[in-house]
Amino acid sequence: MSRSDLSAAQARRIALGAQGFTDRVPTGTPTLTHLRRVVGRTRLLQMDSVNIAARAHYMPLFSRLGPYDPELLDRAAWRPRRGDRLLVEYWAHEAALIPIDDWPLFGWRRDEFRGGRYRYTREVMRRNRSLATDVQHVIVEHGASTPRQIEAHLGIEREPGTVGSWWQRGEVKHVCEAMFAAGDLSATRNGNFVRHYDLTDRVVGADRAAMRIDKAAAHRELAARAASALGVGTVADIADYYRCKTADMRPAVDDLVEAGELTPVAVAGWKDPAYLHTSAKIPRRIDRSAILSPFDPLVFFRPRAERLFDFHYRIEIYVPEHKRVHGYYVLPYLLGDDIAARVDLKADRKAGVLHVLAAHLEPGRDAHRVADRLAADLRAMAGWLGLDGVAVAERGDLAVTLEAAVRVTG
C-alpha cells in the first residue's frame with residue numbers, strides 16, 4: 001500500500017475502533033471471552049493505587065463492556081482457576097497487567113532493572129546483597145508473601161526506625177521491588193491491592209521465565225502490538241505505549257513498514273508522520289459513550305489525546321486543592337468519536353453514592369445532549385460499583401444540566 005492521507009476524523013475513528021469501541025457490547029453478563037477480547041485490543045491495563053472511584057485497571061473493561069464482575073479480572077490476573085492465568089503484572093506502560101505470554105518480551109527491561117528500578121532501591125540492593133538471598137529463601141519455603149510477612153519470618157522488628165535482628169525495617173520492601181523489576185520475583189495482589197511476591201516460575205511458568213528474546217526482536221514485537229492497539233500513530237505514540245525509547249522504536253517501525261505490517265500515512269493536523277497498522281479499519285461512525293479512566297490506553301499518552309480529540313488533560317491529584325481547574329480525580333467522557341466532558345468522581349461506599357464533585361463540558365458541545373447520555377452512564381457506573389445513587393455537586397459548567405438529567409434518570 002502506498003502512502004495515504006487521513007483526515008483527523010478518520011484517525012479518531014481508527015483509534016477508537018482499534019481500542020474496541022466499535023465491538024459489540026455484551027447483552028448478558030460479560031465473560032472471560034469478553035475480557036480476552038478487550039485485552040486483545042488494548043494489550044495492557046495500566047494499574048494505579050488510587051481508589052477514590054474505581055482502580056484504573058478495572059475501568060477499561062467497564063468502559064468497553066459495561067457493568068461486569070470485577071472478580072473476572074481478579075481471576076484472570078491473581079486468582080486463576082485450574083492454573084489458567086491470563087494476565088501478569090510488570091512494568092509495561094508503568095505498572096500494568098499484560099497477557100502472560102508477553103512477559104518474555106520485557107527481558108531487556110528486566111536486564112536494565114537488574115539492580116533495581118529507582119536509585120534508592122539500587123542503593124539498598126548494593127548495601128544488602130545477602131538480604132535478597134534471605135528473601136528468596138523465605139518465599140521458597142513459605143510461598144507468596146508480603147514484605148511484612150517476610151520481615152516476620154526473618155525476625156525483623158516492625159517498629160518504624162528500629163533495627164531488627166538482621167535488617168532495618170523497610171529495606172525488605174525495596175529489595176522485593178528490585179527483585180520484581182529484575183524478574184527474580186513476580187507478584188500477585190490481594191483484595192486490598194497489596195503485592196504478594198512469589199517466585200517468577202510459579203507465577204508466569206518456568207518455560208516463559210526461561211525464555212530469552214533478543215532486544216531488537218522484542219522491540220519489533222512490542223512495536224507491532226502497540227501499533228495494532230493504536231490503529232494509527234506516530235513513532236512517539238508507538239514508543240510510549242510500552243514506555244520505550246523512541247530511538248529504539250524507530251528501527252522497529254522501519255522493519256514493520258518493510259514487512260508490510262505498517263503503512264506510512266499523513267494525518268491532517270499532525271506534525272509528525274504516522275503509521276497505519278495493517279489490521280486497522282476506518283469505522284463509518286462511533287456510536288458508543290463511555291466514562292474513561294485517566295489511565296485508559298486511549299488517553300494515557302496526553303500529547304496523542306490532544307492530537308486526536310483536541311483534549312488537553314492534566315491529572316490534578318498532586319495539585320493543591322485551591323489551584324485545581326477540574327478536580328481531584330477527573331475522568332474523561334467519550335461520546336461518539338468525541339471527548340465531550342470530564343467529571344470529578346468519588347465513590348462514597350459507606351453512603352452508597354457516586355458523587356460527581358465537578359462536571360465540565362468541553363467547549364462547543366451541546367450540554368443537554370452530553371448530560372442526558374452521561375447521566376445514564378453515571379447510573380450504570382454507580383450500579384457497577386454497588387452504589388445506590390448519583391449525586392451531582394454544583395461545581396463546573398455542566399453541573400446544573402447534569403444534575404437535572406440525573407434526576408430524570410433516577
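## Paired strands and a charged patch

V330 stands opposite D344 in strand β12. This is a predicted model, and two places in it are worth a look: the strands around β12, and a surface patch of positive charge formed by R119, R122, R126 and R129.

**Strand β12 and its cover**
- Strand β12 spans residues 338-348, and eight of its eleven residues are buried, so the strand counts as mostly covered, with buried meaning under 20% relative accessible area.
- In a regular strand, side chains alternate between the two faces of the sheet.

**Pairing with β11**
- Strand β11 (residues 330-335) runs antiparallel to β12, and six bridges join the two.
- These two strands make a hairpin with two residues between them.
- In that turn you will find G336, with a positive phi of about 65°.

**Pairing with β13**
- With strand β13 (residues 353-361), β12 again pairs in the antiparallel sense, here over eight bridges.
- One facing pair to look up is D348 and V353, the latter in β13.
- The hairpin of β12 and β13 has four residues between the strands, and G352 there takes a positive phi near 75°.

**The positive patch**
- Four arginines gather on the surface here: R119, R122, R126 and R129.
- Helix α6 (residues 119-127) supplies the largest share of the patch, three residues.
- R126 is found in helix α6, and R126 counts as exposed because its relative accessibility is 53%, where exposed means over 50%.

Note on methods
Residues are numbered from 1 along each chain as its sequence is written. This is a predicted model: local features need pLDDT of at least 70, side-chain atom pairs count only at pLDDT 80 or more; totals for chains, interfaces and linings use all residues. Side-chain values use heavy atoms; hydrogens and water are left out. Patches are made of residues with over 30% relative accessible area and no salt bridge: like charges are joined within 9 Å, nonpolar side chains (Val, Leu, Ile, Met, Phe, Trp, Tyr) within 5 Å. Accessible areas come from the Shrake-Rupley method with a 1.4 Å probe; for residues, only the protein chains shown count as cover. A salt bridge is a side-chain nitrogen of Lys or Arg within 4 Å of a carboxyl oxygen of Asp or Glu. Lys and Arg count as positive and Asp and Glu as negative; His and the chain ends are not counted. The place of a charge is taken as NZ of Lys, CZ of Arg, CG of Asp or CD of Glu. Buried means under 20% relative accessible area, exposed over 50%, partly exposed in between (1.4 Å probe, protein chains only). Two strands pair if DSSP finds at least two bridges between them.
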